[in-house]
Amino acid sequence: MSLSAADDRPVSDLMAEIARLTAEVEALRARAAAAEAAAEHDVLTPALNRRGFVAAMTRAMAYCQRHGVPACLLYLDLDGFKGVNDRLGHAAGDAALVHVAEMLRANLRESDSVGRLGGDEFGLLLLNAGPEEGREKAQRLADSLLAEGFEWEARREELGGSFGVRAYAGQPDPDAWLAEADAAMWVRKRSR
């Protein structure tokens with residue numbers, strides 16, 4: 001439409017068109033925000049996905065570096081999870097993963113982050129926490145996993161997990177920090 005054609009329309013028609021276009025822009029913004037949120041959240045559990053968790057780690061590392069604040073990374077691998085899927089089916093495995101993510105989130109502060117890193121592995125980022133607090137939190141969470149398990153078809157099923165704990169010590173990037181916590185988890189898992 002040319003400018004001269006717009007000038008010939010009544011003002012009420014132009015105002016209606018502006019209102020329609022404004023609503024359309026707002027709807028597109030809402031869809032973009034939802035897509036962005038979905039890009040960083042796990043599709044199954046109420047946790048961040050790996051991408052979202054790494055982004056949270058990047059922000060936390062910058063904050064720690066700038067303000068000299070401690071942080072601790074916990075890396076959880078569920079013990080015997082393949083057996084849950086094999087014995088009870090993948091729907092039970094999905095229910096177990098959802099339960100674990102909910103339990104982890106319920107036991108952390110708002111300033112902390114939980115991410116599903118893949119399969120049956122989770123990351124927990126604790127701000128303002130050193131290695132001792134990280135080890136204590138990992139032990140409490142491991143005890144909770146064993147005590148609670150998860151419910152499937154009105155039966156309590158057992159769950160366990162191995163945690164690796166690594167404090168932030170100026171690691172060059174999130175991948176290096178994750179690799180350290182993952183290695184610590186494997187040392188713990190093998191020692192059982």
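This note goes through the pockets, the salt bridges and several single residues of a predicted model.

1. The largest pocket. Its volume is about 230 Å³. The lining is made up of H41, P46, A47, L48, R105, L108, R109, E110, D112, S113 and V114. Sorted by class, these residues are five nonpolar, two polar and four charged.

2. The second largest pocket. Here the volume is about 180 Å³. R135, A138, Q139, A142, G161, F163, G164, V165, R166, A184, R188 and R192 form the lining. Two or more residues each come from α6 (131–148), β6 (160–167) and α7 (174–190). Strand β6 makes the greatest contribution, with five residues. The class count for this lining is five nonpolar, three polar and four charged.

3. Salt bridges in total. The model has eleven salt bridges. Points 4 to 7 take up some of them.

4. R116 and D42. These two side chains form a salt bridge, with 3.2 Å between the closest N and O atoms. R116 sits in strand β2 and D42 in the loop between α2 (11–39) and α3 (50–67), so that distant parts of the chain, 74 residues apart, are linked. Is R116 buried or exposed? R116 is buried because its relative accessible area is 15%, under the 20% cut-off. D42 also has a relative accessible area of 15% and is buried.

5. D77 and K189. A salt bridge joins these side chains, at 2.7 Å from N to O. D77 belongs to strand β1 (residues 71–79) and K189 to helix α7, so the bridge ties together parts that lie 112 residues apart in sequence. Both D77 and K189 are buried.

6. E157 and R155. This salt bridge has an N to O distance of 2.7 Å. How does burial differ between the partners? E157 counts as buried because its relative accessibility is 5%, whereas R155, at 49%, counts as partly exposed. The value for R155 does not pass the 50% cut-off, so R155 is not classed as exposed.

7. A shared network. E17, R20 and E24 are joined into one network by salt bridges that have partners in common.

8. D120, a buried acid without a partner. D120 lies in the loop between β2 (113–118) and β3 (121–127). Which side chain of opposite charge is nearest to D120? It is K189, 6.2 Å away; D120 is buried and has no salt bridge. A salt bridge needs a nitrogen within 4 Å of a carboxyl oxygen, so the distance to K189 does not qualify. K189 does, however, form a salt bridge with D77. D77 is also one of the contacts of D120, which, with neighbours within four places in sequence left aside, are L76, D77, L78, F81 and L97.

9. K137, a buried base without a partner. K137 is placed in helix α6. The residue is buried and has no salt bridge, and the nearest side chain of opposite charge, D112, is 6.3 Å away. That distance is outside the 4 Å limit, so K137 and D112 do not count as a salt bridge. Apart from neighbours within four places in sequence, K137 is in contact with L74, N107, L108 and L126. Two residues named here, L108 and D112, are among those that line the largest pocket.

10. L146, an exposed leucine. L146 is part of helix α6. Its relative accessible area is 54%, which means that L146 is exposed, the cut-off being over 50%. What does L146 touch, residues up to four places away in sequence not being counted? The contacts are R156, L159 and G160. From M61, 85 residues away along the chain, L146 is separated by 31 Å between C-alpha atoms.

11. R190, an exposed arginine. R190 is in helix α7. With a relative accessible area of 65%, R190 is exposed. K189 is in helix α7 as well, but K189 is buried. The C-alpha atoms of R190 and S162 are 9.4 Å apart, and 28 residues separate the two along the chain.

Definitions and conventions. Residues numbered from 1 in each chain as written. Predicted model: local features only at pLDDT ≥ 70, side-chain atom pairs only at ≥ 80, totals over all residues. Heavy atoms only, no water. 1 Å grid on protein atoms, 1.4 Å probe; cavity = no way out; pocket = protein on both sides within 12 Å on 5 of 7 lines; lining within 4 Å. Points joined across faces, edges and corners; volume = space filled by probe spheres on them. Nonpolar A, V, L, I, M, F, W, Y, C, P; charged D, E, K, R; others polar. Helix = DSSP H or I, 4+ residues; strand = E, 2+ residues; numbered from the N terminus. Buried < 20%, exposed > 50% of the residue type's maximum accessible area, 1.4 Å probe, protein only. Lys, Arg positive; Asp, Glu negative; His and termini not counted. Contact = heavy atoms within 4.5 Å.
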